[in-house]
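Here are some short exercises on one protein chain, each with a worked solution. Have a look at the sequence and the model, try each task yourself, and then read on.

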Amino acid sequence: YGHGWFFWNFKSELEPRWDYIRAVENGWLPYDAQANHRNVTNACIQEDAGEFVCTVKAEATREEVIKGVEWACEQDIEVAPFCHGDSHVQFEHAAQIFNNYWQKYHDNGATCDFG
């Protein structure tokens, strides 16, 4: 049983998103990972209760968002009516498309990482 626990080995990849030190420097993870941080300690509870909302990453470029939208819509065109729109409409509604996809498929292992 490991629900809610994670192990991070400081730097296991060259990609900065997997670098613990860079994640702390960028504010993605708290400095003191052992402290009780409400947003971390309650994350699994919120997810299990259906309260987690998948949204667009703040640092994502327009190109990354559009690629994520295209991927989600290719997997399931019915995740949102905005999948049928042009790229401007899709970009404006990306958060809804991402959240709809994640809500529908997270029990099957889908993650909220569309960047």
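**Exercise 1. Find out how far apart E63 and K67 sit along helix α4, and what joins them.**

Step 1: E63 and K67 are four residues apart in helix α4, so about one helical turn separates them. Helices here are DSSP runs of H or I with at least four residues, strands are runs of E with at least two, and both are numbered from the N terminus.

Step 2: The two residues form a salt bridge, with their closest N and O atoms 3.3 Å apart. A salt bridge is a side-chain nitrogen of Lys or Arg within 4 Å of a carboxyl oxygen of Asp or Glu. Side chains of opposite charge can pair when their charged atoms come close.

Step 3: Both E63 and K67 are exposed. Exposed stands for over 50% relative accessible area, buried for under 20%, and partly exposed for what lies in between (1.4 Å probe, protein chains only).

A word on the model: it is predicted, so local features need a pLDDT of at least 70 and side-chain atom pairs count only at pLDDT 80 or more, while totals for chains, interfaces and linings use all residues. Residues are numbered from 1 along each chain as its sequence is written, and side-chain values use heavy atoms, leaving out hydrogens and water.

**Exercise 2. Describe the chain as a whole.**

Step 1: Count the elements. There are six helices and zero strands, giving the pattern α-α-α-α-α-α along the sequence.

Step 2: Look at burial. The chain has 115 residues, and 23% of them count as buried.

Step 3: Look at the contacts, meaning heavy atoms within 4.5 Å. Among contacts with a separation of 6 or more, 50% join residues 24 or more positions apart.

**Exercise 3. Work out which parts of the chain K104 and D76 tie together.**

Step 1: The closest N and O atoms of the K104 and D76 salt bridge are 2.6 Å apart.

Step 2: K104 lies in helix α6 and D76 in the loop between α4 and α5, so this pair ties together parts 28 residues apart in sequence.

Step 3: Is each partner buried or exposed? D76 is buried, with a relative accessible area of 9%, whereas K104 counts as partly exposed at 49% relative accessibility.

Step 4: Leaving aside neighbours within four places in sequence, D76 is in contact with K104 and Y105.

**Exercise 4. Do the same for D113 and K57.**

Step 1: Their side chains meet in a salt bridge at 2.6 Å, N to O.

Step 2: D113 is in the segment after α6 and K57 is in the loop between α3 and α4, so the pair ties together parts 56 residues apart in sequence.

Step 3: D113 counts as partly exposed at 42% relative accessibility, and K57 counts as partly exposed at 26%.

Step 4: How many salt bridges does the rule give? The count comes to three.

**Exercise 5. Check the length of helix α6 and see what covers its buried residues.**

Step 1: Helix α6 runs over residues 94-105, twelve residues that should span 16 Å at 1.5 Å a residue. The expected span is 1.5 Å times one less than the number of residues.

Step 2: The end C-alpha atoms of α6 are 16 Å apart, which agrees.

Step 3: In α6, the buried residues are A94, I97, F98, N99, Y101 and W102. Their cover includes α3, α4 and α5.

**Exercise 6. Explore the largest nonpolar core.**

Step 1: Such a core is a set of buried Ala, Val, Leu, Ile, Met, Phe, Trp, Tyr and Cys residues joined through side-chain atoms within 4.5 Å. In soluble globular proteins, nonpolar side chains tend to be buried together.

Step 2: The largest core has 15 residues, and V69, I97, F98, Y101 and F114 have the most contacts inside it. The elements giving two or more residues to this core are α4 and α6, and α6 supplies the largest share, five residues.

Step 3: Follow V69. Not counting residues up to four places away in sequence, V69 touches Q90, A94, I97 and F98.

Step 4: Q90 lies in helix α5 and is buried, with a relative accessible area of 9%.
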